[in-house]
Amino acid sequence: MKRLLRSPLLWTFVVSLVLLLAVGGWLLTDPATSRSEALKTGGIAGGAIVALYALWLNDRRRRVEERRQETERQRQELELRRADQDRDRISDERFAKAVELLGHDADQVRVGALHALAGLARGRAIYTQTVLDILCSYLRRPFKHPRYADTAKRPGNTPPEEGTAEQDQELQVRQTAQRLIGELLPAADSEGTRGYDLDLTGAVLEYFDLSDRKIGKLLLRYAGLYNSTNFSGCVFLGPVYLTGAGTKKERRIGFFRCGGAKFMQRAWFSGVQFSEDVEFDGTVFAGDTSFKDSVFAKNAVFTDAEFGKTLDLRRARFEGFSDLKFRKNPDSVSLYNTTVEPSRDHELPSGWAVETLPDGRARVTVKDG
């Protein structure tokens, strides 16, 4: 009974009936008002109360529905956060397990760990730089193989020397790491993608191919790059350092291809020992560039290369054919003791010349300088 008395619907009908009787009775006191008009007006007054109740009821239902939807939205957000936390936990566990397996004795386990890390990076972009750092760290580990020891002395058609089973297995693991690095980097022409940094200081690499990839900062100081290295079509968003690459004992730089690449910041090739042909045709050097103290043992091609700032060629040695016909000359160039092979014809920019020295060597000079 108490619940019925508290019902808004009951009180709405009571108020409506009271208003009907009150308005109708009041109008009936006026002789000019007919009974039907009084009853009609009273009914309208009572109906207005019922209509107001209906509006209030609809508004209440709307607010209840909004609260229900808000509760449902919060529940879904909570479930998504829990799912994200579960994915993060699973990813962290996979990451830790894969890193642990990189130290396993079996080469197939190490290869599997590398692929697990690469798969994690593909699925979760936040892991990409970390995974690349780990792959680079693996390649920076000391590694020796007989096929690298006598690279400069071995005839061109002689097959590379085989190593021990452990060395050959480790070589396969390292080549897998190299390939995965190239696959994880974004394409050079991709828009809205970041450039990931690579630290391969002192690494021993063979057939290293990052062609047509976008890279952030690249460190290859004192590295060994055997057989061939391909950076053709790369876009380097950050500085690039190959200082001293190929200079350490039993470390060489083989065929080096970098045609059509773009160096957006500093490109530092100081003291690099290029033991095979070098290709920089059509390459853009937007920042300061240095080949100071570098040695080009064979052909060096810079056809149509563009330089945006400075070029340092001090004490650089071109021992084979050199094509330095740049498309765009640097703002300033340093040519102190830059030597070339006197028995070869060389393609030089306008205003440059070859001067023969008394000791039989030849150096590059600027005519007006």
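Mentor: A charge sits over a ring if NZ of Lys or CZ of Arg is within 6 Å of the ring centre and within 35 degrees of the ring normal. This is a predicted model, in which local features need pLDDT of at least 70 and side-chain atom pairs count only at pLDDT 80 or more, while totals for chains, interfaces and linings use all residues. Residues are numbered from 1 along each chain as its sequence is written, and side-chain values use heavy atoms, with hydrogens and water left out.

Trainee: What makes the charged end of Arg266 count as sitting over the ring of Trp268?

Mentor: The charged end of Arg266 is 4.5 Å from the centre of the Trp268 ring, which is within the 6 Å limit, so the distance condition is met. Arg221 is likewise placed over the ring of Tyr241, 4.5 Å from its centre.

Trainee: Why is the contact between Glu206 and Arg147 called a salt bridge?

Mentor: The term asks for a side-chain nitrogen of Lys or Arg within 4 Å of a carboxyl oxygen of Asp or Glu, and here the N to O distance is 2.9 Å, so the pair qualifies. Glu206 lies in strand S2 (residues 204-209) and Arg147 in helix H6 (residues 146-149), so the bridge ties together parts 59 residues apart in sequence; such helices (H or I, at least four residues) and strands (E, at least two) are DSSP runs, numbered from the N terminus. Both Glu206 and Arg147 are buried, a word for under 20% relative accessible area, with exposed for over 50% and partly exposed in between (1.4 Å probe, protein chains only).

Trainee: How do you know whether Arg317 and Glu319 are buried, partly exposed or exposed?

Mentor: Arg317 has a relative accessible area of 38% and Glu319 has 36%; these values fall between 20% and 50%, so each residue counts as partly exposed. Arg317 and Glu319 also form a salt bridge, with their closest N and O atoms 3.0 Å apart.

Trainee: How many salt bridges does a search of the whole structure find?

Mentor: The search finds 13, and one network of salt bridges links Arg122, Arg179 and Glu183.

Trainee: Why is the ring pair of Phe291 and Phe296 called stacked, tilted or edge-to-face?

Mentor: A search of the whole structure finds 26 aromatic pairs. In this one the ring centres are 5.8 Å apart and the planes stand at 45°, so the pair is tilted: rings of Phe, Tyr and Trp (its six-membered ring) pair with centres within 6.5 Å, and planes under 30 degrees apart are stacked, over 60 edge-to-face, and the rest tilted. Both Phe291 and Phe296 are buried.
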